[in-house]
Amino acid sequence: RDFEGKEWFASPKSANSNDRYTHLAMAAARQAVEDADLHIDESEGGATHPERVGVMIGSAFGGIGTVESEMARMEKRGPRKVSPFAIPALLGNTASGVVAIELNARGPNFGVVSACASGTHAIGEAMLAIQRGDCDAVVCGGSEAAMTPLMYGGFGAMKAMCTKYNDDPEKASRPFDADRAGFVMGEGAGVVVIESLEHAEARGAKPYCELAGYGATCDAHHITTPAPGGAGLAKCLESALRYAGVAPSEVNYVNAHGTSTAYNDKFETMALKTVFGDHAPQLLVSSTKGATGHTMGAAGGIEAVIAALAVAKDTAPPTINLETPDPDCDLNYVAAGAEKATVNVAVTENLGFGGHNGALVMKKLE
């Protein structure tokens, strides 16, 4: 509630010309770069050259708040009163562009748009850019600020959002619970710094974990409904594990997409059973959307941060509001509070409208 975007820009003027989703991305990016102690400049002595630093930040809707406010302005005052900043502010790649300008990062740079899998895909594609040798480090993740009248109206018309708990909103987001009744919208950003091991060691960085695997598939089934049985997600998870060279039995924790909707939570459970087989009951599984709500394009970035910390701190976070077991959702969900456990390998995965699936595998750094 007290977020102030101007604090994260070099000048208030730059902040004023950008949408809230870019403000959130800028805040998360600066925090990530500071936490990583990554110095970006052309001087010698441990700094990383700007041309070797990329930025890839995903968003489902981009500057949708700007779209709505500028449409209202045009209808009231005419097209000549539309802001000259409207077009760049609403673009889905602007967060990546602005973060690069503010940080002076001149490496590979683009926005990723794959609905609620955007943040996950951005981090995975960033990893591939490093492995290709295109850059040494990438500031990557997802950002979303879509809590607007049009978004609420649209999702409400789809009957996707929870209205059952309007008198008790803190209980409304309840992934995998038998009484779940739709998702609760959230906003925010999650950004990480990833880099090659050689680059990290050369500058004395202290990584949280190794990003070991990435998978991406499409259901090619329905624009909003996941494929029956979570078939597309299962293939995505198998791809990510194969890429990482990790056997299903080695995975300790899964940060699930877990949107608190009927189809997603059921089909996601089925996908995990398909991929992990006899090991599935031993997995620690949680959906942190019980605490954050569904931040859509930002979800993959936020949940990548959580998964990395799960590995670093050997702690599985809880699924808030999971109180009544659902027979269709019968895995080992962490529910009663954060659980201390050895987490050598964690998986985080997200699904998006359009049938997009994305998954990342994180390991303890050996």
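Helices here are DSSP runs of H or I with at least four residues, strands are runs of E with at least two, and both are numbered from the N terminus. With that in hand, start at M296, which sits in the loop between helix 11 (289–292) and helix 12 (299–313). One thing to know before going on: this is a predicted model, where local features need pLDDT of at least 70, side-chain atom pairs count only at pLDDT 80 or more, and totals for chains, interfaces and linings use all residues. Residues are numbered from 1 along each chain as its sequence is written, and side-chain values use heavy atoms, with hydrogens and water left out.

Back to M296. Its phi is near 55 degrees, a positive value in a residue other than glycine. Most residues other than glycine have a negative phi. M296 counts as buried, at 1% relative accessibility; buried means under 20% relative accessible area, exposed over 50%, and partly exposed in between, with a 1.4 Å probe and protein chains only. Now look at A220, which also isn't a glycine and has a positive phi of about 50 degrees. A220 belongs to the loop between strand 5 (210–218) and helix 9. Is A220 buried or exposed? With a relative accessible area of 72%, A220 is exposed.

Let's step back to the whole protein chain. It has 12 helices and 11 strands. Its radius of gyration is 20 Å, close to the 21 Å that the globule rule gives for 366 residues, so the chain is as compact as a globular protein of that length. That radius is taken over C-alpha atoms, and the rule is 2.2 Å times the number of residues to the power 0.38. Along the principal axes, the C-alpha atoms fill a box of roughly 55 × 55 × 35 Å. Of the 366 residues, 54% count as buried. As for contacts (heavy atoms within 4.5 Å), 78% of those with a separation of 6 or more come from residues 24 or more positions apart.

Next, follow the chain out of the A220 loop into helix 9. Helix 9 (residues 231–244) packs with helix 10 (residues 262–276) at an angle of about 40 degrees, their axes 8 Å apart. Those axes are lines fitted to C-alpha atoms, for helices over the stretch in contact, and the angles run from 0 to 180 degrees between N-to-C directions. The pair is therefore oblique: under 35 degrees counts as roughly parallel, over 145 as roughly antiparallel, 65 to 115 as roughly perpendicular and the rest as oblique. On the helix 9 side, the contact is made by L233, A234, L237, E238 and L241, and on the helix 10 side by E268, A271, L272, T274, V275 and F276.

A244 is in helix 9 too, and A244 is buried at 13% relative accessible area. Leaving aside neighbours within four places in sequence, A244 is in contact with A212, G213, V361 and K363. A244 and A29 are 215 residues apart in sequence and 26 Å apart in space, C-alpha to C-alpha.

A29 takes us to another helix pair, since A29 is one of the helix 2 residues that meet helix 5. Helix 2 and helix 5 (residues 94–103) pack at about 45 degrees, with axes 9 Å apart, which makes helix 2 oblique to helix 5. Among the helix 5 residues in this contact are V98, V99 and L103.

Finally, H23 lies in helix 2 (residues 20–36) and is buried, at 14% relative accessible area. Not counting residues up to four places away in sequence, H23 touches F3, G5, F9, A15 and N18.
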